[in-house]
Amino acid sequence: YLFKNKDVKKIAITSAIDGEGKSIIATNLSIALANNGNKVLLVDSNLRHPGLNKQFQIKEKEPGLTNIILNNARLDQVIKIRKTTHENLFLLTSGKSKIAAHDMLTNKKMKDILKKLDSSDFNIILFDNSSLQHSESCVMSSRCDGTILVISENTKKENVITAKKKLEKLNSEIIGVIINKK
């Protein structure tokens with residue numbers, strides 16, 4: 001079991017570059033963890049290119065993370081609405097906003113949301129982030145208990161090394177690497 005020897009609750013899922021399949025990996029991992037009896041929350045924190053709405057067939061107009069950050073919705077209400085068809089798996093979609101992703105995910109309200117989630121009854125909270133090419137993903141990774149790095153089989157070695165160095169500089173512990181063969 002991946003997190004047996006460490007108290008890991010909030011996990012960032014990111015990649016070195018865009019388009020490496022993070023959302024599919026995050027979805028499949030969340031389903032597997034939920035099927036294993038964990039109460040799991042999957043958060044679409046990739047505000048640049050949110051993809052979990054489509055995967056779970058949820059209308060984009062529904063409230064999500066950005067609505068909570070902007071005080072247009074309450075965290076408990078949005079999560080309660082988003083119980084998925086998989087037992088023990090809940091979803092927090094991205095929501096919709098015209099405010100820059102970096103500004104949304106790096107502000108004080110996001111810190112407050114992370115604190116609330118940390119004290120929630122979820123066993124594991126997965127954050128489907130943008131790639132490490134974007135500053136907000138670096139911040140989100142540093143605010144989580146660990147990071148899983150998704151790498152496409154075609155990703156250049158230099159990009160992987162750069163991503164690893166960014167995470168190390170942020171003191172973000174890499175708790176796993178998943179190689180995605182598309």
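Colleague: A charge sits over a ring if NZ of Lys or CZ of Arg is within 6 Å of the ring centre and within 35 degrees of the ring normal. Which residue lies over the face of Phe 122?

Modeller: Happy to help; this is a predicted model, where local features need pLDDT of at least 70, side-chain atom pairs count only at pLDDT 80 or more, and totals for chains, interfaces and linings use all residues. Residues are numbered from 1 along each chain as its sequence is written, and side-chain values use heavy atoms, with hydrogens and water left out. At 5.1 Å from the ring centre of Phe 122, the residue over its face is Lys 39.

Colleague: Are the planes of Phe 90 and Phe 122 stacked or edge-to-face?

Modeller: Rings of Phe, Tyr and Trp (its six-membered ring) pair if their centres lie within 6.5 Å, and planes under 30 degrees apart count as stacked, over 60 as edge-to-face and the rest as tilted. The count is one aromatic pair. The centres of Phe 90 and Phe 122 are 5.5 Å apart and their planes are at 75 degrees, so the pair is edge-to-face.

Colleague: How many residues apart are Phe 90 and Phe 122?

Modeller: Helices (H or I, at least four residues) and strands (E, at least two) are DSSP runs, numbered from the N terminus. Phe 90 is in strand E3 (residues 89–92), while Phe 122 is in the loop between helix H6 (108–118) and strand E4 (124–128). The pair links distant parts of the chain, with a separation of 32 residues.

Colleague: Is Phe 122 buried or exposed?

Modeller: Buried means under 20% relative accessible area, exposed over 50%, partly exposed in between (1.4 Å probe, protein chains only). Its partner Phe 90 has 13% and is buried. With a relative accessible area of 7%, Phe 122 is buried.

Colleague: What is the C-alpha to C-alpha distance between Leu 42 and Ile 125?

Modeller: Leu 42 belongs to strand E2 (residues 40–44) and is buried, at 0% relative accessibility. Beyond four places in sequence, its contacts (heavy atoms within 4.5 Å) include Phe 56, Phe 90 and Leu 126. Although Leu 42 and Ile 125 are 83 residues apart in sequence, their C-alpha distance is 5.9 Å.

Colleague: Which residue's backbone oxygen does the side chain of Asn 180 reach?

Modeller: Asn 180 sits in strand E6 (residues 174–180) and is buried at 13% relative accessibility. Leaving out residues up to four places away, Asn 180 touches several residues, among them Gly 21, Ile 25 and Ser 152. At 2.9 Å, the backbone oxygen reached by its side chain is that of Glu 20.

Note on methods:
Polar contact = N/O pair within 3.5 Å; in protein donor to acceptor, adjacent residues only side chain to side chain.
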